[in-house]
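Q: I'd like a close look at one part of this model, at the bench-level detail of which residue sits against which. Please start with the interior and work outward from there, in one connected account.

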Protein chains: 2
Amino acid sequence: MPTLGIDLGGTFARAAVVDAAGKMLASAKVALAERNPAGVVETIAQAASEAVKSAGVLVGGCGVGAAAQIHKDSGVLSVAPNLGWRNVPLGEMLKARLGQPVRIVNDLSAAAWGEFHAGAGRGAQDVLVVFVGSGVGSAIIANGRLVDGAGGVAGELGHIKVVPNGRRCGCGEQGCLEAYTGGHNLIAQTRELLEGGKSPAVTKLSGGDPARITPVTLEQAVEAGDAAAREVYERAALFLAMAVANQVTVLNPARLILGGGVLTHCPGLRRRVVEGVQAWASQTAREGLLITEAELGDDSGLIGAALLAG
Amino acid sequence: MPTLGIDLGGTFARAAVVDAAGKMLASAKVALAERNPAGVVETIAQAASEAVKSAGVLVGGCGVGAAAQIHKDSGVLSVAPNLGWRNVPLGEMLKARLGQPVRIVNDLSAAAWGEFHAGAGRGAQDVLVVFVGSGVGSAIIANGRLVDGAGGVAGELGHIKVVPNGRRCGCGEQGCLEAYTGGHNLIAQTRELLEGGKSPAVTKLSGGDPARITPVTLEQAVEAGDAAAREVYERAALFLAMAVANQVTVLNPARLILGGGVLTHCPGLRRRVVEGVQAWASQTAREGLLITEAELGDDSGLIGAALLAG
C-alpha cells in the first residue's frame with residue numbers, strides 16, 4: 001500500500017503519496033501560515049489531504065522528515081531550531097489528526113533513506129550519506145537499516161570535534177566540524193575576511209557587501225589566488241575531507257553519497273573531499289567504495305519519509 | 001542448540017561450547033604446532049573435538065574469531081599478520097573438516113559480540129566497543145546487529161587518520177590513530193625517547209633497557225613529571241580521546257565499552273578517554289551514554305564467536 005511522506009521545513013510543509021518502489025504518485029506543498037504546533041499540524045494535514053486526494057489511493061502510514069532532533073521512540077521533537085520548538089509531541093498530534101500511524105525522523109535521515117531505496121544508494125546495503133549545506137550532517141545505513149542511535153541522534157558528523165576549544169559552533173559547543181565547514185560558517189568566516197580587510201579578492205567579488213557573500217565567493221577568491229581566503233578554505237577542506245575519509249574507514253560503506261548545497265555549488269570543495277577519501281580512507285574501505293552524488297534532489301526527504309513509514 | 005566458538009590467535013587455538021545465553025559449557029586450548037593453513041585447521045579441529053567431548057552435547061554451527069581481515073561472505077582471510085597468511089579460505093576448509101556451517105569474523109568483532117550478548121553490553125541495542133591493546137580497534141553494534149561494513153572491515157578505528165602525512169603505521173599508511181596510541185607504537189615512541197636520551201624518567205624506569213619499556217613506563221614517566229614523556233603521552237591521549245568522543249557523536253550508542261591491555265594497565269590514559277568523551281561528544285549523544293569496562297576478559301571472543309554462529 002502507498003504511504004504518505006511529509007517534509008517539514010521552516011517555511012513549507014510538503015506531502016507526497018509514494019508507492020513501495022519510491023515513486024511519487026502525487027504531491028502538495030503548503031506554506032506554514034502559523035508556526036505554533038497546532039497550526040503546523042493543520043498545515044501538514046492540509047498538504048496531506050491534497051496529496052492523497054490527488055493520488056486517489058488509500059495510504060497506510062505516514063512518515064515525517066523534520067529539521068529537528070527527534071526523540072526516537074516517542075516522536076517528540078526535542079529541538080527544532082527552524083520552528084523555534086522545544087519538546088513538541090508532533091508524532092502524537094499528527095497521529096490523532098491524520099488517523100494514521102506516524103514515524104518521525106530527522107530530515108537528513110529521511111533524505112538518506114530516500115536515496116538508499118530509490119536514488120543513488122539502490123542495491124547497496126551499507127551506505128554513508130554526507131550533506132554539506134548550511135550545516136553538515138550525515139546519515140548511516142548499515143545492514144540495510146538506518147542507524148539512528150540509542151537517542152535518535154546518530155549521524156551528527158557536523159558536531160564531531162576537530163579543534164579542541166576551537167571556533168564556536170551554532171550548537172553552543174566549540175571546535176565542531178560544522179563551525180569550520182558548514183555553509184553558514186563558511187559565509188561567516190568569509191565575512192570576517194571582508195570586515196578585516198584581509199582579502200582583496202573577497203572584497204572585489206562581493207563588492208564590499210557582506211550580504212552578497214556565499215560559500216562560492218570563498219571558493220572563487222581561492223581560485224583567484226587570494227592567500228587569506230586560501231587559509232580559511234584549506235582548513236575547511238582538510239577538516240571535511242579527513243572527517244569523511246575517517247567515517248569511510250570506520251563504517252566501510254559500499255556507497256558514499258555526497259549532497260547538499262555547498263558540495264553542489266563548490267565543485268572544488270567536493271573534489272577535495274573525494275581526493276581526501278581516496279588518500280586517507282583505509283585501503284580496504286576505499287577499494288570497494290563508490291562515491292556518488294545524490295540523485296533525488298529536493299524529493300529525497302519526501303520519498304524517504306514515506307518509505308520509512310512502509 | 002549450543003554452538004562452537006573458536007578463538008584463533010597467533011600461538012594458540014581455543015575452542016568452547018557455548019549455550020544460547022552465552023554460557024561456556026566447556027573449553028579447550030591447543031598450541032599451534034604448525035602455522036600453515038592445513039596444520040592450523042587440524043589444531044582447531046582438535047581443540048573443537050576436545051571441547052565438544054567435554055561438554056557432552058551436540059553443537060549446531062561454528063563461529064571463529066581471528067586476528068585477520070576477513071572477506072565477509074566467503075570466509076577468506078585476506079590478511080592474517082600473526083600467521084603470515086594471505087587469502088586463505090579458512091571458512092571452507094573448516095566447514096569441510098568440522099562438518100558444520102562456519103562463520104568467520106575478526107577477533108574484535110567476536111569479542112564485541114560476546115560483550116554485547118553476555119557481558120557489559122547486555123540489554124542495549126547500540127553499543128560501541130573500543131579496544132586499545134597493541135593495536136587500536138573498535139566494533140559497532142547498531143540496532144542489535146554487528147556493523148561489519150560492505151567489505152567486512154568496519155570498525156577500523158585505529159586506522160582513521162589524525163595527522164596528514166604523519167607517523168608511519170604498521171598498516172603501511174601514515175598518520176593513523178594507531179601510529180600514535182596503539183600499545184606497540186606507544187612502546188616505540190617511548191624507546192625513541194630513551195634512545196635519544198630525551199627522558200630522564202624513561203631512562204630510570206627502564207634501567208636503560210629498551211626491552212623493559214611498556215606503555216605503563218610512559219604513563220609512569222609522565223606521573224614523575226617528565227616533560228618529553230608528557231609530550232608523547234598528551235598527543236596520544238588527545239588523539240585517542242577525540243577519536244572516541246567523535247565516534248560517540250556519530251554513532252550515539254547507549255554503551256561505550258572500553259577494553260584492551262593498554263586501557264586496562266594505563267588508568268591515566270583510560271581516564272583521559274572518559275573525560276574526552278564527556279567534554280567532546282555532542283550533548284545529546286553523551287547524555288544517555290554509559291561508559292563501562294569489558295566484563296568477559298579473554299573469553300569474550302570465544303563466547304562472541306559461538307553466539308555469532310547461532
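A: Let's begin in the largest nonpolar core of this predicted model, which has 108 residues. Within that core, the members that touch the most others are Leu256(A), Leu269(A), Leu256(B) and Leu269(B). As general background, nonpolar side chains in soluble globular proteins tend to be buried together.

Take Leu269(A) as the way in. Leaving aside residues up to four places away in sequence, Leu269(A) is in contact with Leu186(A), Glu219(A), Tyr233(A), Ala237(A), Leu240(A), Val262(A) and Leu263(A). One of these, Leu186(A), is among the buried residues of helix α5(A), so that helix is a natural next stop.

Helix α5 of chain A covers residues 183-195, 13 in number. From its first C-alpha to its last, α5(A) reaches 18 Å, close to the 18 Å expected at 1.5 Å a residue. Along with Leu186(A), its buried residues are Gly183(A), Asn185(A), Ile187(A), Gln189(A), Thr190(A), Leu193(A) and Leu194(A). An α-helix has 3.6 residues a turn, so residues three or four places apart point the same way. The buried residues of α5(A) pack against α4 (177-181), α6 (200-206), α7 (215-223), α8 (227-251), α9 (261-265) and α10 (267-280) of chain A. After α5(A) comes Gly197(A), with a positive phi near 65°.

Now for the other chain. In chain B, the loop between α8 (227-251) and β12 (255-259) holds Asn252(B). Asn252(B) is buried, its relative accessible area being 2%. Its contacts lie in both chains: from chain A they include Asp148(A), Gly149(A), Ala150(A), Gly151(A), Gly152(A), Val153(A) and Ala154(A), and from chain B they include Asp126(B), Gln247(B), Thr284(B) and Ala285(B).

How do the two chains relate to each other? A turn of 180° with a shift of 0.0 Å along the axis lays chain B on chain A with an RMSD of 0.0 Å. The copies are thus related as by a two-fold rotation axis. Both copies use the same surface, as 100% of the contact residues of chain B recur in chain A. In chain B, Ala142(B) comes closest to the axis, with its C-alpha at 4.0 Å.

Finally, back in chain A, there is an open sheet of 5 strands in the order β3-β2-β1-β4-β8, with mixed pairing. Its edges are β3 (24-31) and β8 (102-106), each with a single partner strand, so one side of each lacks a neighbour in the sheet. On average, neighbouring strands are turned by 20° against each other, direction ignored.

Strand β1(A) is mostly covered, with 5 of its 6 residues buried. It runs antiparallel to β2(A), joined by 6 bridges, and Ile6(A) has Ala15(A) as its bridge partner there. The two strands form a hairpin with 3 residues between them. β1(A) also pairs with β4(A), in the parallel sense over 5 bridges; here Asp7(A) is matched with Gly65(A). Further along, β2(A) and β3(A) are antiparallel over 7 bridges, and Ala13(A) has Val30(A) as its bridge partner.

Two helices go with this sheet. Helix α1 (37-55) of chain A lies across β1, β2 and β3, at about 150° to β3(A). Helix α3 (107-118) of chain A packs on the sheet, touching β4 and β8, with its direction at about 100° to that of β8(A).

Technical notes
Residues are numbered from 1 along each chain as its sequence is written. Chains are lettered from A and ligands numbered from 1 in the order in which they are written. This is a predicted model: local features need pLDDT of at least 70, side-chain atom pairs count only at pLDDT 80 or more; totals for chains, interfaces and linings use all residues. Side-chain values use heavy atoms; hydrogens and water are left out. Two strands pair if DSSP finds at least two bridges between them. Helices (H or I, at least four residues) and strands (E, at least two) are DSSP runs, numbered from the N terminus. Axes are lines fitted to C-alpha atoms, for helices over the stretch in contact, and angles run from 0 to 180 degrees between N-to-C directions. Contact means heavy atoms within 4.5 Å. Copies are superposed by least squares on the C-alpha atoms of residues with pLDDT of at least 70 in both. The expected span of a helix is 1.5 Å times one less than its number of residues. Buried means under 20% relative accessible area, exposed over 50%, partly exposed in between (1.4 Å probe, protein chains only). A nonpolar core is a set of buried Ala, Val, Leu, Ile, Met, Phe, Trp, Tyr and Cys residues joined through side-chain atoms within 4.5 Å.
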